[in-house]
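Please look over the sequence and the model shown here before reading on. The paragraphs that follow move from the chain as a whole to its core, then to the surroundings of the ligand, and finally to some individual residues.

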Amino acid sequence: MYRGCQFWRPLFLLALVFVATSFDALRALDEVTARDHALRLHERLTGVPPSSTELTLLTQLLRDGKVAEATFRVMNNNYFYKELARSFSAFADIDQQPNDTLTDFSAAVVGLTISNRRFDELFYGDILYTAPDALMTYQFGTPPVNVNHDSSPLIRVNGGAAPAGFVRPPFRCNTTGCTNATVNPDVIYDDQAHFSDLQNRFPDWPQRLVLRSQYSSYQLLRNEQKVPASSIAGVWTLQEAAREVFNAGTNRRILRLFLRLLGYELEQVHDATRPDLYVRRDVDRQPGGSVSAFQQGCRGCHAGMDGLVQAFVYFDFTGRLRYGPTFTQNAPNDFKIYRQHNIYPQGHLAVNDQWVNLWTQGPNASRIGWRTPKAITSDVTQGSGAASLAASFAGTEAFSNNLAKVVFQRICLRAPTTLEKGTLNNKARAFEEGISDYESFSANGPYNMRALHASVAEMCIGKVMP
Ligand code: HEC
């Protein structure tokens, strides 16, 4: 026993020395490497190089092993939010092209992040981030009309471009004759002029964003019917995304965008083993005369997809978001979602916004990691309205895992290895719960995007890497 210990002791000491040395290598970077990492961190997060004072500061933080602190410091820079807006804007576009112009979609991404609000609200929150009232209050016309903040804070008369130093309101009337601000037949709200004004005129726009409620705003606008709370779903019921997914078509396209935020293409979740109960009537059950082309092909998407997207049957977009339970009355009728309903009359007819999730079983169950969401709905297998469906997607493991991966790629500038993916998933779980270490940065709440950046940065910044 004693002899055995004697024998192992040198090896044990050697191991200790080795551990201590590699630990040192992880913690204390030499000046040159630390400077290089500081530069990388800043440039990757903001798209611009740091000032020399800032670089010195960040270098010291990294030499002291304070990666999270350095990251939070960089995230105070407005350019961090500008880059975030740009990179996330691709999620609102079917072709995944980033948009340099600020929209209600990218403003929401920034608003949630900068205000430390839970980021999963992007999917289901009743959120609309705009400029503050003061920036929208100005006079125009002869005699001058005061375009100001009154009982209808979001509807203003359109006097063309806003004077310098102001932004056009997000919702406004088409003509100068529109003085009845509460209900107006010609509300413009798809040109996103409010957001481009804000972006062009105020370099510090990320700091200025104010949170409003879509629900209250829509009460002031003419829609076929006001969008009820149960149908308000984060960025999806704002103009930028609505134009992309509810314009013509059959309101199925939105599922592509949902899945991309979860890190999947529709083709990757193809599952032809689900029952075809909810496949709509426009889908040919024998395309090109082949039953198996439907069974093996079409069904793989449409069985799951058509059940899910039923949450959106009341939406349309014709230059503005429209919402109407009446669209489906006396179905099938000439509403767009019933187009080609004669192809297979025995198929499913979507008459209300009750959705069904068949992908909680089969291969997509573990792929997506459905969990009972804490917000809005308690059932991921069925519900009614867009809000509960969107909350089900927000509650998945795939959503947080993918956010962690997206952040990793941004900071580390490469795809994670298999091993790193495991680490990222663990970090995603911590992100969901809230990371208490970041309390001093006010970033300890659940789904805090700044916390996710700080936590992920530690994987490739401040370490000696091969
Ligand atoms: C990879 C998934 C996928 C597969 C497989 C698939 N579809 Fe679709 N289908 C979609 C999506 C997404 C839309 C919505 C398209 C849009 O709005 O841009 C759609 C829309 C449709 C539409 C409505 C078109 C419209 O006017 O908006 C029909 C009809 C249709 N599919 C039939 C079929 C048939 C028939 C097959 C098999 C031959 C098939 N689909 C296979 C994903 C799929």
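**A guided reading of the model**

The protein chain averages a pLDDT of 89, and 84% of the residues score at least 70. This is a predicted model, and its confidence is not uniform along the chain, since pLDDT stays under 50 over residues 1-8 and is again below 50 over residues 10-26. For residues 1-8 the model has zero contacts beyond four places in sequence, while the stretch 10-26 has two contacts beyond near neighbours in sequence. Where pLDDT is low, the predicted coordinates should not be read in detail.

The secondary structure of the protein chain comes to 18 helices and eleven strands. Of its 466 residues, 43% are buried, and among the contacts between residues at least 6 apart in sequence, 67% join residues at least 24 apart.

From these totals one can turn to the interior. The largest nonpolar core has 122 residues, and the members that touch the most others are Leu 41, Ala 108, Val 109, Ala 390, Ala 404 and Ile 411. Because domain 1 (132-201) and domain 2 (224-395) both give residues to this core, it lies between them. Ile 411 offers a view of one part of the packing: leaving out residues up to four places away in sequence, Ile 411 touches Leu 41, Arg 44 and Leu 45, and also Val 456, Ala 457, Cys 460 and Ile 461.

Two of those partners, Val 456 and Ala 457, are among the buried residues of helix α18. Helix α18 (residues 449-457) is largely enclosed by the rest of the structure, because nine of its nine residues are buried. The buried set therefore takes in Arg 450, His 453 and Ser 455 as well as residues such as Met 449 and Leu 452. What covers the buried residues of α18 includes α2 (31-46), α4 (67-74), α6 (104-114), α16 (397-412) and α17 (418-433).

One of these covering helices, α4, also holds Val 74. Val 74 counts as buried because it has 24 C-beta neighbours inside 10 Å, and 20 or more are needed for that class. Apart from neighbours within four places in sequence, Val 74 is in contact with Leu 41, His 42, Leu 45, Thr 46 and Phe 80. For the pair Val 74 and His 42, a separation of 32 residues in sequence goes with 6.1 Å in space, C-alpha to C-alpha.

Which residues come nearest to the ligand? Of the 20 residues around the ligand, these are Gly 249, Arg 252, Arg 253, Cys 298 and Cys 301. Helix α13 (residues 291-308) gives the most to this shell, with six residues. By character, the residues of the shell divide into six nonpolar, seven polar and seven charged.

The loops hold some further points of interest, beginning with backbone geometry. Most residues other than glycine have a negative phi, and most peptide bonds are trans. Against this background, Gln 192 has a positive phi of about 60° although it is not a glycine, and phi of Gln 340 is likewise positive, near 60°. Gln 192 is found in the loop between β6 (187-188) and α8 (193-201), whereas Gln 340 is found in the loop between β9 and β10. Are these two residues buried or partly exposed? With 24 C-beta neighbours inside 10 Å, Gln 192 counts as buried, while Gln 340, with 13, counts as partly exposed. The loop between β9 (321-323) and β10 is also the place of Pro 332, and the peptide bond from Ala 331 to Pro 332 is cis, with omega near -5°.

Two other loop residues can be read through their distances to partners elsewhere in the sequence. Met 136 lies in the loop between β1 (128-130) and β2 (138-140), and it counts as buried because 24 C-beta neighbours lie inside 10 Å. Met 136 and Pro 170 are 34 residues apart in sequence and 9.1 Å apart in space, C-alpha to C-alpha. Gln 361 is placed in the loop between β10 (354-356) and α14 (363-368), and with 15 C-beta neighbours inside 10 Å, Gln 361 counts as partly exposed. Between Gln 361 and Thr 381, which are 20 residues apart in sequence, the C-alpha to C-alpha distance is 9.5 Å.

Conventions
Residues are numbered from 1 along each chain as its sequence is written. This is a predicted model: local features need pLDDT of at least 70, side-chain atom pairs count only at pLDDT 80 or more; totals for chains, interfaces and linings use all residues. A residue is near a molecule or strand if its C-beta atom, placed from the backbone, lies within 6 Å of it. Helices (H or I, at least four residues) and strands (E, at least two) are DSSP runs, numbered from the N terminus. Ala, Val, Leu, Ile, Met, Phe, Trp, Tyr, Cys and Pro count as nonpolar, Asp, Glu, Lys and Arg as charged, and the others, Gly among them, as polar. A nonpolar core is a set of buried Ala, Val, Leu, Ile, Met, Phe, Trp, Tyr and Cys residues joined through C-beta atoms within 7 Å. A residue is buried if 20 or more other C-beta atoms lie within 10 Å of its own, exposed if 12 or fewer, and partly exposed in between; C-beta atoms are placed from the backbone. Domain bounds come from an automatic or database domain assignment. Two residues are in contact if their C-beta atoms, placed from the backbone, lie within 7 Å. pLDDT is the predictor's confidence in each residue, from 0 to 100.
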